[in-house]
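Q: Got a minute to go through this one with me? I'd like to talk about what touches what.

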Amino acid sequence: MTSPAPPAPKEGRAGASRWRAAWRASLVPLCAVILGLVVGAIIMVASSGVAAGGFQPLLPLQAYGALLQGSVLSFNGLVSTAVQAAPLILAGLAVGIGFKAGLFNIGASGQFLLGAIAASAVGYQLAASSGWVAIPAAMGAAAVAGAAWGFIPGALKAWTGAHEVVTTIMLNFIAATVVKYLITGPFGVSGFSFDRTGDVGNAALPILFGRDGHLGILIAVAVVPVIWWLLWRSTLGFEIRTVGANPSAARYAGMHPGRLTIFTMSLCGLLAGLAGAGQILGISHFMNASYSTGIGFDAITVALLGKAHPVGIVLAAVLFGIMRAGSPLMQISAGVPVEIVDVLQAVILLFLTADVIVRRVFRIRAPKGTVDELQTVTRTYGEQTSV
Amino acid sequence: MDWLYGIPVLGVLAQLVAYLVEVFPGMGPIVLGLATPIALGALCGILNERSGVVNIGIEGMMLTSAFVSFLVAGLAAGALGSQAGPVFGATLALLIGVLAGIATGVLVSLLHAWLSISIRADQIISGTIINIAALGITGYLNRLIISGNPRLGAGTFRSFSPPDFLTDIPIVGWILNMFLAKGPIAMSVIVLVIVVQVLLFRSRWGLRTRAVGEHPRAAETVGIDVIVMRYRNVLIGGVFAGLAGAFLTLESNSSFQNGMTAGRGFIALACVIFGRWTPVGAFGAALLFASSDALGIAVQLRPPRAEFGELAAIVAAIPVEIYSALPYIVTLIVLAGVVGRSTAPAAVGQPYEKESRT
């Protein structure tokens, strides 16, 4: 395999040039978002002609206005943006760290579900004990369960060479059935008209601000610098990035790509599991058998848009937090289905990948001689030897 | 066979065989139906990967085609009426729906081809975008158009009923029944698999396809246009993915649900690997996965009776939900066991750049 390795990440501390590099790196994603919103507006107008029987050229303004009103133009809106962004930060990191190691974790939703069910089960068991015990125990259980679910595809890749793209998807479906079984069976409680777990009681995360601004938001934000430090300031992070950039070079340097693959996938699962715990302990306080999540795809979008960098992931997560938080009001007041967010997501991703379009429209020069980390995921797909 | 039941371990196996023989006449035709979208998806995957392109967007291609087939057939049925024809109960609307599905498959695969061959984006990311886009756009349009029109729909193709004297033959008849008691798309799969198998290994196109996937530089040297070859194969693959989508909404179901492909596109990728990049092998793998699916259904509908001994107890002890996850679990196991021992086309996943003149 002769895919060119990206140049070694610069570790320099030259302030101004670093800011300039960051600005240059974020230019294409930013423009992709703008183009995506424009195309989204066109789709809204076009589909209003089909659905409502007449074209409404002002619909996009109305819709985007309602979107902002429901997300950033009020205190409650801001809080719900933060609530929506928190799991996206964690799950986005769960995908982004994988990218750094040359792994594509499509399994965030399965890891999220395992974390959620572990948190609700442990939370219910400790519902009556003090929050100081119950919350860490429930979060810890979620982290372990998520990490275990991430360990499986990592180990399969390291030991057998099975590519994580197919195995993580299969594990998503398996996770959904496992969760359904656990909630209709051993973890279920009686006395309700539908199958659900018991209330987590004192394991519920305290509300810190607004209507539902729970502790999980702070946890998500606190994880970001930890991951940044791990990736760019620790030996382990250096090894992870080296394996991602060039597995054979990493092997020659005495690193263990297989072990690093397993570790990274487990870490990804841990973060996605924490995201699941935050949703249960912070918002619903129980889990029902039909609980489902679209966080896997959201997380991929966030990680790609954030260029797999922790700061970028936070910004992208906030953007999609705004969209998710504002879309219900948009549906009510402008009549645009909330599913438009999924369409916007896809269009933005498309422009991000087909960056030639973005560069032509906005006249951005392409960087020379660099290969994006995001262009090395397919590398191991056809490889039979285990890493 | 009853006398075998007492032996430990082997006895349970004998019970399982006896149980399968008992339920097979009823379950047989279901197997081909379950295998059809997977096998078509696998054909799409084979054409892509044989020419050096990874396509994990098969799932999204199927889903988009399923939606468009359903919508177009429904609209056509509204305009043209639904006069069932003599063969398979085919109506003009259904045929238009199938064509629309195929066209959609080709169109979506054109996007994949452009992103992964011309733009040279990462092919797995390109496929992922197709999956995300398909789920988002069909979900949006489903809410916008179909939810408001509950009567939209064109029905489904009818299954062929083979004559009784054939299906009554023990074992042979059951297998014939499995392949014949189906609608047109499911039955066409068998033909398509054989045709692609022969063309891939016995025709000029097949040789060129394989050359482009194994060693594009060498292929270019002898005058094969790598880019054109890859484009063509990805688009032909789109035909199969589109047909799979049409099958889902016009033959096996008569409605569209969000995310109804339920991972079949990914199971198809596992079939490609398990079948060692050959159509016949992948079809066999698709039948295996479909059988595991059918077994799950059979166990839930007609659990083994008490006279099957321990088997009945084992089946009863495993929670029902696990059976519905059976195809996914089997995929995982097969992939882990087999992937190291089957060889992918050498250039799979590598974007091709023409020899530069620097």
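A: Sure. Let's fix the term first: two residues are in contact if their C-beta atoms, placed from the backbone, lie within 7 Å. Keep in mind that this is a predicted model.

Q: Fine. How is chain A divided into domains?

A: There's domain 1, made of 19–57 + 337–368, and domain 2, covering 81–334. Taken over C-alpha atoms, the centres of these two domains of chain A are 27 Å apart.

Q: And how many residues of each domain are in contact?

A: In chain A, 12 residues of domain 1 are in contact with 11 residues of domain 2. On the domain 1 side, α1 and α13 of chain A each supply at least two residues. The largest share there comes from α13(A), with 6 residues.

Q: What's that domain 1 side like by class, nonpolar, polar or charged?

A: Where domain 1 of chain A touches domain 2, you get 10 nonpolar residues, 2 polar and no charged.

Q: Switching topic: how many residues does the contact take from chain A and from chain B?

A: It takes 43 residues from chain A and 44 residues from chain B.

Q: Which helices of chain A each supply at least two residues to the side that touches chain B?

A: That would be α1 (15–51), α5 (131–160), α6 (164–184), α11 (295–305) and α13 (340–353). The largest share is from α6(A), which gives 10 residues.

Q: And how does that side of chain A split by class?

A: The side of chain A that touches chain B has 25 nonpolar residues, 14 polar and 4 charged.

Methods:
Residues are numbered from 1 along each chain as its sequence is written. Chains are lettered from A and ligands numbered from 1 in the order in which they are written. This is a predicted model: local features need pLDDT of at least 70, side-chain atom pairs count only at pLDDT 80 or more; totals for chains, interfaces and linings use all residues. Helices (H or I, at least four residues) and strands (E, at least two) are DSSP runs, numbered from the N terminus. Ala, Val, Leu, Ile, Met, Phe, Trp, Tyr, Cys and Pro count as nonpolar, Asp, Glu, Lys and Arg as charged, and the others, Gly among them, as polar. Domain bounds come from an automatic or database domain assignment.
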